[in-house]
Amino acid sequence: MGRDSGRLREEIKSALREAGAVAVGVARAEEVEERAVETYAAWLSSGGAAGMAYMHNHLEIRRDPRLLLEGARSVVCMAFSYRTGRVRDPELPRISAYALLPDYHDWIKRNIRMSGVGELLGEEGRDWRICVDSAPIMERYWAVMARVGILGENGAVIVPGVGSEVFLAEIVTTLDLEADEPLGGDCGKCGRCRAACPTGALKENSTLDCGICLSYLTIEHRGDWTEERQKAAMGTAAGRSTLFGCDRCIAACPHNRKPGTVARNLPAVSDGVIGLTAGDIIHSEAAALSARLKGSCLKRAKREGLLRNALNLHLGGS
């Protein structure tokens, strides 16, 4: 490689921290441990992914990230905090905290590319590849293996001293970097995240029944809620106060109640999102709403999904 693996690893980490990552670690690119593969397969077979058919795709790549990039030797894992210090008025319908920022896929990739890390990694596409929730890779597994954090009871990765209000990202690289040792241990298993879940979607094995998860139902689910359990979930007080996403289990976690590392290199909070109401969605023309939400994560739900969610709030008197 032309330089010491450990030194090169630290130079890469330093560049990525400058890009805004609050934690960076390295794992060896190899097959995922069998227990993790079995847990994922059992979750799929139980229907845990609900209507997200894409979660069943590319299982061979999920098992082995080396299939993402020829010659891959290492997985560099990062966590980017989305704490901004700004919150929506509690009287407004709920929108997940991360969605107050512009779409994270874009700005995280941009930050990584602008960090100069490419000078250390080689040619993008040939020697390295960025994954930001956009490739079939078991990102939480790799974050734990790379010492970025530990897995919480709600399935979220908890970064020591920061919490779980983070986005995860990975770089699969052909560089043979010295790997970090996993932290080990657990989150404390206090159960507050499961107790905070208003629909019982969180299971004791840190998996999620997406079919009754308010986040899935308000973002990923397409069309009307037709199953009785979907209707029941969205008919709860929490469902009738949720416009986009649900991070109640994140908010309940004691690891997120301590002052965390201040997020760096974040884009500005979207003014079009932070004050958004159900009425704004119901009464706006399609073009006007699209312009207001330009670059926002809320577009993931599409206008039809947002209108469905807003009408559910409206019917509930919110």
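Two strands count as paired if DSSP finds at least two bridges between them. I keep that rule at the head of these notes, and I also note that the model I am reading is a predicted one.

**Entry 1, strands E1 and E2.** I looked up the pairing of strand E1, residues 23–28, and found that E1 runs antiparallel to strand E2, residues 74–81, with six bridges between the two. Within this pair, Gly25 stands opposite Cys77 of E2. I then checked how covered E1 is, and five of its six residues turn out to be buried.

**Entry 2, helix H4.** Which residues of helix H4, residues 104–114, are buried? I listed Tyr104, Trp107, Ile108, Asn111 and Ile112. They lie on the same side of H4, because they cover an arc of only 135 degrees around the axis. I followed their contacts outward, and the buried residues of H4 pack against helix H1 (5–18), E2, strand E4 (128–131) and strand E7 (166–173). After H4 comes Gly116, which has a positive phi near 85 degrees.

**Entry 3, positive phi outside glycine.** I noted Arg147, which is not a glycine and yet has a positive phi of about 75 degrees. Arg147 sits in the loop between helix H6 (139–145) and strand E5 (150–151), and with a relative accessible area of 41% Arg147 is partly exposed. I made a similar note for Ser206, a residue other than glycine whose phi is positive, near 65 degrees. Ser206 belongs to the loop between H7 and helix H8 (214–219), and is Ser206 buried or exposed? At 18% relative accessibility, Ser206 counts as buried.

**Entry 4, cysteines.** I searched the whole structure for disulfides and the result was zero. Cys187 is in no disulfide, since the nearest cysteine sulfur, that of Cys193, is 6.5 Å away, while a disulfide requires the sulfur atoms to be within 2.5 Å. Cys187 counts as buried at 16% relative accessibility. For Cys213, the closest cysteine sulfur is in Cys210 at 5.8 Å, which is too far for a bond, and Cys213 is buried as well, with a relative accessible area of 11%.

**Entry 5, salt bridges.** I counted 23 salt bridges in all. In one of these, Arg28 is joined to Asp176, with 3.2 Å between the closest N and O atoms. Because Arg28 lies in strand E1 and Asp176 in the loop between E7 and H7, the pair ties together parts that are 148 residues apart in sequence. Arg28 is partly exposed at 40% relative accessibility, and Asp176 is partly exposed at 29%.

I looked next at Arg83 and Glu165, which form a salt bridge whose closest N and O atoms are 2.5 Å apart. Arg83 lies in the loop between E2 and strand E3 (94–95) and Glu165 in the loop between strand E6 (157–158) and E7, so this pair ties together parts that are 82 residues apart in sequence. Arg83 counts as partly exposed at 23% relative accessibility, whereas Glu165 is buried at 18%.

I also recorded the salt bridge between the side chains of Glu227 and Arg229, at 3.7 Å from N to O. Further, salt bridges that share partners join Arg9, Glu10, Lys13, Glu178 and Asp180 into one network.

**Entry 6, Ala195.** I ended with Ala195 in helix H7, residues 192–196, which is exposed with a relative accessible area of 68%. Ala195 and Arg248 are 53 residues apart in sequence, and their C-alpha atoms are 9.7 Å apart in space.

Definitions and conventions
Residues numbered from 1 in each chain as written. Predicted model: local features only at pLDDT ≥ 70, side-chain atom pairs only at ≥ 80, totals over all residues. Heavy atoms only, no water. Buried < 20%, exposed > 50% of the residue type's maximum accessible area, 1.4 Å probe, protein only. Helix = DSSP H or I, 4+ residues; strand = E, 2+ residues; numbered from the N terminus. Arc of directions from axis to C-beta. Contact = heavy atoms within 4.5 Å. Salt bridge = Lys/Arg side-chain N within 4 Å of Asp/Glu carboxyl O.
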